[in-house]
Amino acid sequence: MKKKKFRFQWGAFLMFLLYGGLFFALFLRITYIQITGQVEGEELKARAAALYQKEAVITAERGKILDRNGNVIAEDTLSYRLIAVVNPVATTNPNNPQHVVNPKKTAEILANYIDMDESTIYKILTKRRPNGGYYYQVEFGSAGRGISHEIKTKIEKEKLPGIKFVSDTKRYYPNGIFASHLIGFTQREKQEDGTFIPVGKMGLELIYNEQLTGENGKIEYESDAFHYLLPNRDKMVQPAKNGDNIYLTIDKTIQNFLEDAMTNVDREYNPDSMVGLVVDAKTGEILALSQRPTFDPETRIGLENNWLNYVTQEVIEPGSTMKTFTLAAAIETGNWHPNATYQSGSYRVLDRTIRDHNIHGWGRITYLEGFQRSSNTAMANLLELMGNDTFIDYLEAFGFGKKTGIDLPGEVTGTILTRYPINYVTTSFGQGSTVTPIQLVQAMTAITNDGVMMQPYVIDKIVDSSTGKVIENHQPKEKGKPISASTAKQVRAILASTVTSEVGTARNYKIDGYEVAGKTGTAQIPNPNGRGYLYGKNNYLYSFLGFAPVDDPQLIVYVAVKRPKLKGTEIGSEPVEKVFKPVMENSLKYLNINPEDAKPVEKITIGNYIGKKAANLKQELESQGLKTIIIGEGGEIIDQYPKEGVSMVKDSIVFLKTDGVVTLPSFENWSLRNLLIYKAMSGINIEIVGEGYVESQSVSENTIITDSSPIVVKLKTPEELFLISGEESEELPQD
C-alpha cells in the first residue's frame, strides 16, 4: 500500500492560533479578576451588591398634636395620589382599557374634583416625550396629591380608564381654622432618601418640627435580576421611629366655643383684627386662643394677611383694662380710699390736660364710683398719691415690659414709657405704654389667684409615640407675688362692682347664674400715617378682661376687637360682649361649674373591672344608667376605659375589652372622641374622615373583623351645637 504524503494545513493552524490565543487571553482575564476582584477599577462585590441588594425606606409617621383630652388637632392621615396611565401599551385587552382613551372627557370630569382647570389637565394627559413617544404615566402636581377618601371614591365612580390612585399620607387638620396661628402648618418636602414628608413651616409644627418628624427606618434585602426576593436570604429591618406626640393645654370644646363666637362677630362687624384668650385662672394653662384674620392650615387661605400670633407677637395700648393693675398697686400701697372724693372731668399735668371719656366729668365723686365709671382722672389722682416710681415698680412686678416666658417663640415685651411726666399718667389708664394680650392675662392671674401670678403655658406634655413615655411634662409655674391675698380679694370685689353697679361700664357683661368681674377697655389707636391717634367710634380697640366666678375664679377670658364697623346706635362693647359672654358661659357649663341655683349633676364613679365577666358587668352598669361597649368575644375583661376612679354622668359610654375576634358595632351618632377610644382599644384600622359625629361607616355593624383592611368612618358636624355630657376629662388611650 502506498503511503500518503503529509500536507501542512496552514488554515487550520491559523485558526488554532487565533482561538487558542483568545482562549488564553480569556483565561488570563478570568484569573486576574479572581485574584483582584476588580473590573475596570470597580469592585465586583460592590457591583453585585448594587444589582442584587435592595433597600426600601420605611417612612416615619409624623407625631400628632392633640388637645388636653387627647382629641386630635393635627395628624398624618391616609390620602391618595392621583396618576393617569397614558401609554396604550398598558392595555392588553381592548375590551378593558388600562390607559386614558379619551383625554378630553377625562380632563372635563377630573376638573370637577381636583384644583386644576380642564385645559391644564388635558395638556398633561396628552403630553408626549421629546421623541414623540408616550410617557407611561403622568401626575398632576400638588392638585393631584392629598386626595381624600371621599374624593377618591367619587372619581372611581366615574369609571375613567387609566385613572389610578396610590396610597399616600398627608398632614390632616380636622378642625379647620382652629388656633391656626398657634398650630401652624406643614409643607411636603423631598428628603435625601427620596421620600416626601411634611415639614413644619409655622407655629408649633415649625417649633417642634424635630420632635414631630421622627426618623425613617429601612429594609435591606437581596433580589434577583427581575427584582424578586431571593429565598432563604436574611432581611435586615430597621424600624421607623415615629415622631413624638405633643399634648396641648388647649381644650378642643372651649376652643370651638371661642372660634364660633369670633367668627360670628367677625362676619357681623368686619373689624381690622380680633384676639381672644381663655386661661385657667388657677394654673395659667391656656385653654383656648384665637385671632382674626386667621387661616385654614389645609389650604393656607387667609395666611397672606398676617403670620404673627397676636397673643404673643403684637403689642397694643391696652386702654382701661390697665386700670385693674393701677388699682391693685394703690390698694397694696395703702393709697386706695374708696369713699374719698375727687373732682372728675380733667386733670392737669404741666402743660397737658387729661380728660375722662365724659369730658365734662360727673362732678365730685368717690374713687369707687370713678373706677366703676372707668374715669381716667381717678387713676391720675391715685398715681399722684402712690408716686411714679412706686407705680412702675408694681407694673414690673406684674410682668409688664418683659416676656412672660410662655413656651412659644418670638414673644415681644412691649414698652412701659417713663421718659416724660405725662407718660406715667397715661400709662395709669392704659395709653402710651404698650403690652401684649398674654401679659394682661398673666397679670390677671395674680388677681384671681390670691396674689400669686402664674406663668401662661400652652404645652402640656410631649410623649414618645412608640413607648408612651413622657419626655417633657410642663407644670404650673409661679412668676411671683406682686400683691397680697387681701389686696387681690379687694380688687376682685371692685371689678365685680363694675358689672353690678348701675354706673358700671361692664353692666352688659352679666351672665345669668354666674357672678362675673372684669374691666372694660376703650383704647385709642396710634395713627399709622402720622403722629397722634385715630378718632371716631369705629377707630378704637375695644376690649374686656374678665373672670368668673368672683368668689372662686376658674376662668379668665380676654377679648379685644380693633376698629369694628359699628352701626349708628351701637357702642364698642357690643362686639366684645358677643364673644365674651357665650364663651365664658358655655365654658363654665362645660366644665361643670354650676350656677348657684343649678342642681348638682349626679355622677357614677367607675371601679376596677379587670378580671370580671363582661356580660354580668354590662347588666350592672346599664342598670346604673351607663352604656357599655364590649370589644372582643366577651368573657373576662382585660382592659377598660375609663380607668378606675373616674366619675361619669348617666348615658356615658364605658368600653370593656376582652379576648377574641372583634365584631363591629354601629358607630351611628358616635362622637369623634368615642370613636378614637374604640380605635385605640380594638386595634382596628379605622380611617376617620371629617369632624363632628358619625354619619356613615364603610363596613356594616355585626361584621366580624378578620383582616387589617381600613374601615372608613365618615363624620359630619351637625348644624346645631350638641350639648356636652359633662363627664370628667381623662387622657385617651393611645394607638
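Over residues 224–230 the pLDDT (the predictor's confidence in each residue, from 0 to 100) stays under 50, and for this stretch the model has 12 contacts (heavy atoms within 4.5 Å) beyond four places in sequence. Residues 46–53 likewise have a pLDDT that stays under 50, with 9 contacts beyond four places in sequence. The chain as a whole averages a pLDDT of 86, and 86% of the residues score at least 70. The structure is a predicted model, in which local features need pLDDT of at least 70 and side-chain atom pairs count only at pLDDT 80 or more, whereas totals for chains, interfaces and linings use all residues. Residues are numbered from 1 along each chain as its sequence is written, and side-chain values use heavy atoms, with hydrogens and water left out.

The largest nonpolar core, a term for a set of buried Ala, Val, Leu, Ile, Met, Phe, Trp, Tyr and Cys residues joined through side-chain atoms within 4.5 Å, has 90 residues, of which Leu182, Ile183, Leu248, Phe325, Phe400 and Ile447 touch the most other members. Helix α16 (residues 437–448) gives the most to this core, contributing 7 residues; helices here are DSSP runs (H or I) of at least four residues, strands are runs (E) of at least two, and both are numbered from the N terminus. When residues up to four places away in sequence are not counted, Phe400 touches Met322, Phe325, Leu395, Ile416, Val435, Gln439, Leu440 and Ala443. A second, separate core comprises 34 residues, among them Val499, Ala548, Val559 and Leu588.

The axes of helix α14 (residues 388–397) and helix α15 (residues 421–428), taken as lines fitted to C-alpha atoms over the stretch in contact, with angles from 0 to 180 degrees between N-to-C directions, come within 11 Å and cross at roughly 50 degrees. Asn388, Asp389, Phe391, Ile392 and Leu395 in α14 meet Tyr424, Thr427 and Ser428 in α15.

Thr106, which lies in helix α3 (residues 103–110), is buried (under 20% relative accessible area, with exposed over 50% and partly exposed in between, for a 1.4 Å probe and protein chains only), its relative accessible area being 3%. Neighbours within four places in sequence aside, Thr106 is in contact with Val100, Leu125, Leu160 and Ile163. Gln98, found in the loop between β5 (72–85) and α3, is partly exposed, with a relative accessible area of 26%. Although Gln98 and Ile163 are 65 residues apart in sequence, they are 8.2 Å apart in space, C-alpha to C-alpha.
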